[in-house]
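Biologist: I'm new to reading structures, and I keep tripping over the vocabulary. Could you put one up and let me quiz you on it?

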Amino acid sequence: MTVLEMRDVRKDYPGARALDGVDLDVERGEIVAVLGPNGAGKTTAFELVLGLVRPTSGTVRVLGERPGGRVRTRVGAMLQSAGLPEQTTVREVVRLVGRAYPQALDTDDVLARTALTKRASRTVTSLSGGERQRLLLAMALVGAPELLVLDEPTAAMDVASRRTFWDQARASVHDGATILFATHDLAEASTVADRVVVVADGRIVADTTADALTHHGREDLEEVFLA
Ligand code: ATP
């Protein structure tokens with residue numbers, strides 16, 4: 001089953017073409033990394049998938065439907081721009097987010113899976129950077145999403161926190177759930193994902209398996225990526 005389908009998608013902003021003819025299919029159960037430098041178009045692509053912005057031309061389908069609208073409850077997201085209610089407790093934040101989803105998971109289960117049980121009664125403002133990222137993950141997971149969209153979820157995390165984060169994210173997604181995540185880090189992309197899509201200047205310049213990226217072509221990609 002195709003979870004995400006993008007066909008010849010263009011997105012123009014005043015003075016910038018953020019995406020320029022993107023074609024992408026993501027199948028159920030795939031873990032796909034979107035790798036690219038600053039300004040490549042990663043966030044724009046995710047905003048299109050979530051229905052936060054509309055394409056200038058081309059089509060986007062999520063689980064067979066137009067993004068946003070009723071399909072939104074089947075998608076979990078972690079965005080860079082996400083603001084958090086600083087004075088609310090961790091448990092309350094996750095519980096409130098869960099209320100928006102008909103199929104929501106148990107709040108305490110989600111806190112346990114994201115290693116936040118000990119922080120559940122604390123306010124958001126007291127969390128460390130890594131704990132904050134895990135809270136954002138808990139918020140993305142509580143709705144039992146079929147598609148998880150994570151925009152640079154491990155930016156600013158140390159190596160050990162990254163590993164824990166990905167262990168939890170992978171263990172927590174429902175059977176067959178699909179993950180699409182953005183990163184600047186080639187090593188993270190090739191270790192976490194099944195497939196790596198490289199974006200530069202709004203275009204997909206490579207779409208390859210993580211294995212191929214690890215064993216061949218890595219230098220070529222580094223050239224694209226660092227150009
Ligand atoms: P980063 O790694 O820095 O987060 P990115 O790959 O997510 O970058 P985007 O944020 O999608 O890149 O930006 C792609 C291009 O579109 C950039 O040139 C950016 O300046 C432009 N852009 C994005 N959003 C807007 C906006 N709301 N208005 C104008 N230009 C925008």
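Modeller: Sure, let's go through the sheets, the ligand and a couple of odd backbone angles. One thing up front: this is a predicted model.

Biologist: Okay, sheets. What makes strand 1 and strand 4 a pair?

Modeller: Two strands pair if there are at least two bridges between them. Strand 1 (residues 2–13) and strand 4 are joined by five bridges, so they pass that test. They run antiparallel, and one of the matches is Arg7 with its bridge partner Thr59 in strand 4.

Biologist: And how do you know that strand 1 pairs with strand 2?

Modeller: Here the count is nine bridges, again antiparallel. With at least two needed, strand 1 and strand 2 therefore count as a pair. Look for Glu5, which stands opposite Asp25 in strand 2. The two strands form a hairpin with two residues between them, and Gly15 in the turn has a positive phi of about 80°.

Biologist: What is the order of the three strands in this open sheet?

Modeller: The order is 2-1-4, with antiparallel pairing. Strand 2 (16–27) and strand 4 (57–62) are the edge strands, since each pairs on one side only. Between neighbouring strands there's an average turn of 20°, direction ignored.

Biologist: Which helix packs on that sheet, and how do you know that it touches?

Modeller: Helix 1 (residues 42–49) does, touching strand 1, strand 2 and strand 4. Touching here rests on heavy atoms within 4.5 Å. The direction of helix 1 makes about 120° with that of strand 1.

Biologist: On to the six-strand sheet. Why are strand 5 and strand 9 said to stand at the edges?

Modeller: Follow the order, 5-6-7-3-8-9, in this open sheet with mixed pairing. Strand 5 (75–78) and strand 9 (203–209) each have a single partner strand, so one side of each has no neighbour in the sheet. Neighbouring strands are turned by 15° against each other on average, direction ignored.

Biologist: What sense of pairing do strand 3 and strand 8 have?

Modeller: Strand 3 (residues 31–35) and strand 8 (residues 195–200) pair in the parallel sense, over four bridges. At least two are required, so that is a pair too. Ala33, for instance, has Val196 in strand 8 as its bridge partner. Helix 4 (residues 129–141) packs on this sheet, touching strand 5 and strand 6 (147–151), and its direction makes about 165° with that of strand 5.

Biologist: Now the ligand. What makes the link from Lys42 to the ligand a polar contact?

Modeller: The cut-off is 3.5 Å between N or O atoms. A polar side-chain atom of Lys42 lies 2.7 Å from an oxygen atom of the ligand, so the pair falls within the limit. His184 also uses a polar side-chain atom, at 2.8 Å from a ligand oxygen. Gly41 uses a backbone N or O atom instead, at 2.9 Å from an oxygen of the ligand. Overall, the protein buries 63% of the 640 Å² that the ligand exposes when taken alone.

Biologist: Which residues are in the shell around the ligand?

Modeller: There are 13, and Gly39, Lys42, Thr43, Thr44 and His184 come nearest. The shell divides into four nonpolar, seven polar and two charged residues. Helix 1 gives the most, with three residues.

Biologist: Last one: what makes the phi of Asp8 worth a look?

Modeller: Most residues other than glycine have a negative phi. Asp8 isn't glycine, yet its phi is positive, near 50°. Asp8 sits in strand 1. Glu152 is another such case, with a positive phi of about 45°, and it is found in the loop between strand 6 and helix 5 (159–172).

Key
Residues numbered from 1 in each chain as written. Predicted model: local features only at pLDDT ≥ 70, side-chain atom pairs only at ≥ 80, totals over all residues. Heavy atoms only, no water. Axes fitted to C-alpha atoms, helices over the stretch in contact; angles between N-to-C directions. Near = heavy atom within 4 Å. Polar contact = N/O pair within 3.5 Å; in protein donor to acceptor, adjacent residues only side chain to side chain. Areas by Shrake-Rupley, 256 points an atom, 1.4 Å probe, with all protein chains shown as cover. Nonpolar A, V, L, I, M, F, W, Y, C, P; charged D, E, K, R; others polar.
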